[in-house]
Each structure stands twice: as structure tokens, then as C-alpha cells.
Amino acid sequence: MKGYEGCGKGILFNMIRNMLGKQYGYTTANPMSDMFGNFNSSSANKMLINIDEIDSKQAKGIYEELKKYITDDTINYKQKFIDACEVANLSRVLLTTNNDY
């Protein structure tokens, strides 16, 4: 979703997250480490994930991982000092930006 700064992209995400339950929403401005990095458990079991303020360079860098994340039925999650586990992928992803591509 593209919009001008201050137009309410974050408000829309927060409204949907509140309807789902706050524990089922997650927002990140750094998806490479938070969702696709070595330890990605913070996005586990979330129904709505907002990748906030993504730019074209960042989007190109995560394209393949994001495509897999959107289409796969399961996702591997890794926590520090705990074995990785595979869980059902119930997530829907929202990308927000102020930038033109």
C-alpha cells in the first residue's frame, strides 16, 4: 500500500490488528532480519504482518523470500538456543511505503 506520509497506513494496520487481536499482528521495518534472518520467531503465529516503509531496494532484496513466505503452507521458525520448528503459515502480508517505484 502506497500513501503519503501521515495519511493513515499505520492506522489501517492497527485497526485490522485490533479486530484480529493484538497478539496476531506484527509490524517490522527490517524484514531481512526480523522475518528472514537467523532468528525469526517474532513473526511466528501472526495472522497479519506489516512490512513498514519498504523501499524498492529492500523489496528487491526480499522478493524471493517474501514470495515463498506468502505461498507456502508452512514456515520454519528459529529461536535462539532452541531447535527450529515448522508451523502452519496463517499470515497475510501488508507492505506499506511512501516511496514511488
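Reader: What makes the reach of α1 close to the one expected for 12 residues?

Author: α1 reaches 17 Å from its first C-alpha to its last, against an expected 16 Å. The expected span is 1.5 Å times one less than the number of residues. Helices here are DSSP runs of H or I with at least four residues, strands are runs of E with at least two, and both are numbered from the N terminus. α1 is followed by Gly 21, whose phi is positive, near 115°.

Reader: What kind of model is this?

Author: The model is predicted: local features need pLDDT of at least 70 and side-chain atom pairs pLDDT 80 or more, while totals for chains, interfaces and linings use all residues. Residues are numbered from 1 along each chain as its sequence is written, and side-chain values use heavy atoms, without hydrogens and water.

Reader: What makes β2 and β5 a pair?

Author: Two strands pair if DSSP finds at least two bridges between them. β2 (residues 48–51) and β5 have four, in the parallel sense, so the definition is met. Ile 49 stands opposite Val 93 in β5.

Reader: Why are β1 and β5 called edge strands?

Author: The open sheet has three strands in the order β1-β2-β5, paired parallel. β1 (25–28) and β5 (92–95) each pair on one side only. From one strand to the next the twist averages 20°.

Reader: How do you know which strands α1 and α3 lie across?

Author: Contact means heavy atoms within 4.5 Å. Helix α1 (residues 9–20) lies across β1, β2 and β5, at about 160° to β2. Helix α3 (residues 56–71) lies across β2 and β5, at about 145° to β5. Angles run from 0 to 180 degrees between N-to-C directions, with axes fitted to C-alpha atoms, for helices over the stretch in contact.

Reader: Why is the link of Lys 67 with Glu 64 called a salt bridge?

Author: The term requires a side-chain nitrogen of Lys or Arg within 4 Å of a carboxyl oxygen of Asp or Glu. For Lys 67 and Glu 64 the closest N and O atoms are 3.4 Å apart, so the pair qualifies. Lys 68 and Glu 65 meet the rule at 3.6 Å. The count comes to two salt bridges.

Reader: What separates Lys 68 and Glu 65 in helix α3?

Author: They are three residues apart, about one helical turn. An α-helix has 3.6 residues a turn, so residues three or four places apart point the same way.

Reader: Why is Lys 68 called partly exposed?

Author: Buried means under 20% relative accessible area and exposed over 50%, with partly exposed in between (1.4 Å probe, protein chains only). Lys 68 has 42%, so the middle class applies. Glu 65, at 34%, is also partly exposed.
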